Amino acid sequence: MSTTLDMATTELREVNTMLQTAAKAHANENYIITNARGSHAMACGLDGPLTVNVKGSTGYYCAGMNKDATIIVEGSAGPGVAENMMSGVVTIEGDASQYAGATGHGGLLNIKGNASSRCGISMKGIDIVVHGNIGHMSAFMAQKGNLVVLGDAGDALGDSLYEARLFVRGTVKSLGADCVEKEMRPEHIEILKELLEKAGADARPEEFKRYGSARKLYNFNIDHADAY
Amino acid sequence: MDKTPQTEPRQSWTFSNSINSEIRRAADTGIYDIRGGGAKRRVPHFDDLLFLGASMSRYPLEGYREKCETSVTLGMRFAKKPIELKIPITIAGMSFGSLSGPAKEALGRGASMAGTSTTTGDGGMTEEERGHSDKLVYQYLPSRYGMNPDDLRRADAIEIVVGQGAKPGGGGMLLGQKITERVAGMRDLPVGIDQRSACRHPDWTGPDDLEIKILELREITNWEKPIYIKVGGARPYYDVALACKAGADVIVLDGMQGGTAATQDVFIEHVGQPTLACIRPAVQALQDLGLHREVQLVVSGGIRTGADVAKALALGADAVSIGTAALVALGDNDPKWEAEYNKLGTTAGAYDDWHEGRDPAGITTQDAELMKRLDPEAAGRKLRNYLNVLTLECQTLARACGHNHVHNLEPEDLCALTMEAAAMAQVPLAGTNWYPGKPGF
């Protein structure tokens, strides 16, 4: 049994209030949002188990700061989808614009299409799986978590990376400062296998390369000034 | 043999001993000088303004009998729950990490006793701070260290930091010496590494995006929390106008004397404008938009005395914010630690290597032993006393000018001692009815 909220007739504030209240009530209900029409800040701040299906594409910051909820966008997502997500699962059936999963602390962001620039910027523990390609400066200053890319990565992947793990199946146009290719050890294969399964991705872990921090910029050293 | 007469040895003004010492330091280390605090150079400031006081044309209020109100409400524009403060002086954002836990607790205690708010900083919200602050403003910074929706909802207001006076356009760096297990855990980073704080937000660029970001924050917090936007004193007219456009309830404007935990000295001393120069353009922007007093203006950067508070309010601010002065009130740079300052190669009053984490006063440190030197209850009472003195001084000046609320102070109550201050504050040079740039002259 699902409840349908039509954004052609229901204001954003009302939609979010209903979703936030239902999530907080831990009723594990299903909601369908129709006529999303690129609305910003949709289904943000949900805190509890709830499933939301958005029919159509969303604007900025859909599913922002999500906790525990499952949100499926049956279209494409605008900038900052699932920004600062804490837990739960956010799935984008189409493409995601820039800053997807920015600063996310946990949960899974599953992008079935491509992601634009700065995907996973400053990520702090979130897992992001992109079935297509990602744009430039992705995982910039990424701190924790896993970014999995089934396609190709653009320029300056993982620039100024901290401890996040990056897995790319296709080509990487260039690596950013302090980002290097690393050995794929058995524990990484296991992590990747689990993430690919969760995301329903048709790929084998062995096809990927792993990238991570060289840790040379962790403490300032004048001999590394050229890297800045 | 007769000695040839010689001229007295003459030091160069251009290559002074201070400059030469910096050249030698740079040559030895290969890195720019990093320090805490705000601009130390002499810039036109509130000291260059005077109140005229009441006389034949207006009458004063009796100091010990007639009321002079000090309360202020912040965040009336869109927020459902504006912040009500007893005094127009708030505590500025300073991070846990940069400051010790006891120091943050002391700030909360002092501010709460005085009836005002304190503010988190980069690194998230601590229990000490939330627990001891009646009103807590939660900073939303580019790094988003420790950011989470639960803390967002238990804050009393949200301050989106676009910039700060010590370094408009710059990010920050908390050096590895201060990255203990607790600090690192809150920031999701390894212990002991230098932690960069980005200069731009990761998921928006420009005021159009910021407007949508504010919409998201309001949706997450049920439109209850006042949203502040903090900007460094760079282009105050346009920055304030754009902050209003983006949907701010409150604007915090920080001049170049405003402090930082750690930044390059060249940034602190050479970027941004003096606080005095920022206020009138900011107020003008609010007036041009018809938003003066609807969007509140909080001014910070070099506020030390009740006279500074009164002068900032007279120029159009709704409140002021203090950081460095609050730390001094807690015990920072106290001469009682002189011997230890000397060991660090400095002296009380000049100690600014806050980033190194060896603060003898136990304030700008994460060292467990040094931290014990600060008693948060006693330090909190000192801050309360200091805030009370600032308030009494401000009231004294307002009454002398005939005002029953400190917000009734106005530019007409002031004159300037120097041409520079007259031009920046747009109040007449003392003894004249003129200031540089005044229309019609």
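Here are some short exercises on a predicted model with chains A and B, each with a worked solution.

**Exercise 1. Find the order of the strands in the open sheet of chain A, and work out which strands stand at its edges.**

Step 1. Trace the sheet from one side to the other. Its 11 strands come in the order β1-β2-β3-β4-β5-β6-β7-β8-β9-β11-β10, and the pairing is mixed.

Step 2. Look for strands with a single partner. These are β1 (2-6) and β10 (179-182) of chain A, so each has one side without a neighbour in the sheet.

Step 3. Now look at the twist, which averages 15° from one strand to the next.

**Exercise 2. Describe how strand β6 (residues 108-111) of chain A sits between its neighbours.**

Step 1. Begin with β5 (residues 89-92) of chain A. It runs parallel to β6(A), and 4 bridges join the two.

Step 2. Pick out residue partners. A:Val89 has A:Leu108 as its bridge partner, while A:Ile92 stands opposite A:Ile111.

Step 3. Turn to β7 (residues 124-130) of chain A. Here too the pairing with β6(A) is parallel, over 4 bridges, and A:Leu109 stands opposite A:Ile128.

Step 4. Check the side chains. A:Leu108 and A:Asn110 point one way, A:Leu109 and A:Ile111 point the other way, and all are buried.

**Exercise 3. Which strands of chain A do helices α1 and α2 of that chain meet?**

Step 1. Take helix α1 (residues 12-24) of chain A. It packs on the sheet and touches β1, β2 (30-34) and β3 (51-55), with its direction at about 165° to that of β2(A).

Step 2. Take helix α2 (residues 186-199) of chain A. It lies across β6, β7, β8 (144-149), β9 (165-168) and β11 (209-213), running at about 65° to β8(A).

**Exercise 4. Describe how the two domains assigned to chain A meet.**

Step 1. Note the bounds: the assignment gives domain 1 as 1-97 and domain 2 as 108-228.

Step 2. Find the distance between the domain centres, taken over C-alpha atoms. It is 26 Å.

Step 3. Count the contacts. In domain 1 of chain A, 12 residues are in contact with 10 residues of domain 2. The domain 1 side divides into 6 nonpolar, 4 polar and 2 charged residues.

**Exercise 5. Test whether the length of helix α1 (residues 17-29) of chain B fits its residue count, then see how covered this helix is.**

Step 1. At 1.5 Å a residue, the 13 residues should span 18 Å.

Step 2. Compare this with the model: the end C-alpha atoms are 18 Å apart, which agrees.

Step 3. Look for buried residues in α1(B). The count is 0, so the helix is hardly covered; a buried residue needs 20 or more other C-beta atoms within 10 Å of its own.

Step 4. Step past the end of the helix. B:Gly30 follows α1(B), and its phi is positive, near 75°.

**Exercise 6. Is B:Val72 buried or exposed?**

Step 1. Locate B:Val72 in strand β3 (residues 72-74) of chain B.

Step 2. Use the neighbour count. B:Val72 has 24 other C-beta atoms within 10 Å, and is therefore buried.

Step 3. See what surrounds it. Leaving out residues up to four places away in sequence, B:Val72 touches B:Leu85, B:Pro88, B:Asp318 and B:Ala319. B:Val72 and B:Ile87 are 15 residues apart in sequence, yet 6.5 Å apart in space, C-alpha to C-alpha.

**Exercise 7. How many residues of chain B are in contact with chain A?**

Step 1. The count is 20 residues of chain B, against 33 residues of chain A.

Step 2. Helix α6 (residues 206-220) of chain B gives the most to the chain B side, with 5 residues.

Step 3. By class, that side has 11 nonpolar, 3 polar and 6 charged residues.

Notes
Residues are numbered from 1 along each chain as its sequence is written. Chains are lettered from A and ligands numbered from 1 in the order in which they are written. This is a predicted model: local features need pLDDT of at least 70, side-chain atom pairs count only at pLDDT 80 or more; totals for chains, interfaces and linings use all residues. Two residues are in contact if their C-beta atoms, placed from the backbone, lie within 7 Å. Ala, Val, Leu, Ile, Met, Phe, Trp, Tyr, Cys and Pro count as nonpolar, Asp, Glu, Lys and Arg as charged, and the others, Gly among them, as polar. The expected span of a helix is 1.5 Å times one less than its number of residues. A residue is buried if 20 or more other C-beta atoms lie within 10 Å of its own, exposed if 12 or fewer, and partly exposed in between; C-beta atoms are placed from the backbone. Two strands pair if DSSP finds at least two bridges between them. Domain bounds come from an automatic or database domain assignment. Axes are lines fitted to C-alpha atoms, for helices over the stretch in contact, and angles run from 0 to 180 degrees between N-to-C directions.
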